Amino acid sequence: MSLDAITLDAAGTLVQVDWHPGRVAWESAEAIGLELDRETAAARFDRALQARWKAYRALNQTRDADALDAFWYDLGVSWLAEFGSENRADAFRDAFWDALYGPNQRIFRLFEDTLPALEALKTQGIRLAVISNWDYSL
């Protein structure tokens with residue numbers, strides 16, 4: 001039996017994901033000079049996200065990047081307001097996005113064997129498809 005194509009899941013198969021929203025929020029707040037208690041700040045962000053998770057999942061189905069970005073911005077504003085820092089929302093958003101997508105991001109990493117495995121399959125003439133049910137950010 002010969003293979004014509006292989007489908008691979010992205011997150012957890014090709015890409016290692018280290019996504020801890022509360023931690024990213026706290027680190028982003030710290031990056032813009034806010035001094036927040038790490039555990040309290042992270043827990044509050046995680047709770048705020050959990051309270052909005054159903055709405056986020058529905059919104060994610062639209063794949064409307066502007067609306068999804070607005071979701072994260074609004075979440076950040078309400079979270080910052082708990083600390084009296086909502087006026088720092090734009091700087092927070094920029095730091096948060098940099099933590100997720102910037103050149104030094106630590107959230108998404110290829111597994112060590114990802115590229116060699118894909119190259120080996122390619123040299124055998126096997127067509128590849130990558131699929132994922134991760135959100136729009138991947």
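Select S28 first: with a relative accessibility of 1%, this residue counts as buried. The model on the screen is a predicted one, and every stop below refers to that model.

**Stop 1: S28 and A25 in helix α1**

S28 belongs to helix α1, and if residues up to four places away in sequence are set aside, the residues that S28 touches are F92, A95, F96 and A99. Keep S28 coloured, as this residue returns later in the lining of the second largest pocket.

Next, select A25, which is also found in helix α1. Is A25 buried or exposed? A25 has a relative accessible area of 0%, and is therefore buried, the limit for that class being under 20%. Which residues does A25 contact, once its neighbours within four places in sequence are left aside? The contacts of A25 are F45, W79, F92 and F96. While A25 is selected, add R38 and draw the distance between the two C-alpha atoms: A25 and R38 are separated by 13 residues in sequence and by 9.6 Å in space.

**Stop 2: helix α3**

Now select residues 65–81, which make up helix α3. Helix α3 has 17 residues, and the distance from its first C-alpha to its last is 24 Å, close to the 24 Å expected at 1.5 Å a residue. Within α3, show the side chains of L68, F71, W72, L75, L80 and W79 together with G76, since these are the buried residues of the helix. Turn the view so that you look down the axis of α3: the buried residues fall within an arc of 160 degrees, so they line one face of the helix. What do these buried residues pack against? Their packing partners are α1, α2 and α4.

Before leaving this part of the chain, select R63, which lies in the loop between α2 and α3. R63 has a positive phi, near 60 degrees, although R63 is a residue other than glycine. R63 is partly exposed, its relative accessible area being 46%.

**Stop 3: helix α4**

Select residues 89–101, which form α4. The end C-alpha atoms of α4 are 18 Å apart, which agrees with the 18 Å that its 13 residues should span at 1.5 Å a residue. The buried residues in α4 are A89, F92, A95, F96, W97 and L100, and they pack against α1, α2, α3 and β3, the last of these covering residues 108–110.

**Stop 4: the enclosed cavity**

Rolling a probe the size of a water molecule over the atoms shows where empty space is left. With a lower limit of 30 Å³, the count comes to one cavity, and the largest cavity has a volume of about 80 Å³. To find the largest cavity, select its lining, which consists of F45, W72, Y73, G76, V77, L80, A89, F92, R93, F96 and W97. The elements that give two or more residues to this lining are α3 and α4. By class, the lining of the largest cavity divides into nine nonpolar residues, one polar and one charged.

**Stop 5: the largest pocket**

Turn next to the open spaces. The largest pocket has a volume of about 350 Å³, and of the 19 residues that line this pocket, W53, Y56, N60, W134 and D135 lie nearest its centre, which makes them a useful selection here. Two or more residues of the lining come from each of α2, residues 38–60, and α4. Which element gives the most to the lining of the largest pocket? That element is α2, with four residues. The lining of the largest pocket comprises 11 nonpolar, five polar and three charged residues.

**Stop 6: the second largest pocket**

For the last stop, select R23, V24, E27, S28, A95, D98, A99, N104, Q105, R106 and I107, the residues that line the second largest pocket. The volume of the second largest pocket is about 170 Å³. Here the elements that give two or more residues to the lining are α1, residues 21–31, and α4, and α1 gives the most, with four residues. The lining of the second largest pocket has four nonpolar, three polar and four charged residues. The tour thus returns to S28, one of the residues in this lining and a buried residue at 1% relative accessibility.

How values were computed
Residues numbered from 1 in each chain as written. Predicted model: local features only at pLDDT ≥ 70, side-chain atom pairs only at ≥ 80, totals over all residues. Heavy atoms only, no water. 1 Å grid on protein atoms, 1.4 Å probe; cavity = no way out; pocket = protein on both sides within 12 Å on 5 of 7 lines; lining within 4 Å. Points joined across faces, edges and corners; volume = space filled by probe spheres on them. Nonpolar A, V, L, I, M, F, W, Y, C, P; charged D, E, K, R; others polar. Expected span 1.5 Å × (residues − 1). Buried < 20%, exposed > 50% of the residue type's maximum accessible area, 1.4 Å probe, protein only. Arc of directions from axis to C-beta. Contact = heavy atoms within 4.5 Å.
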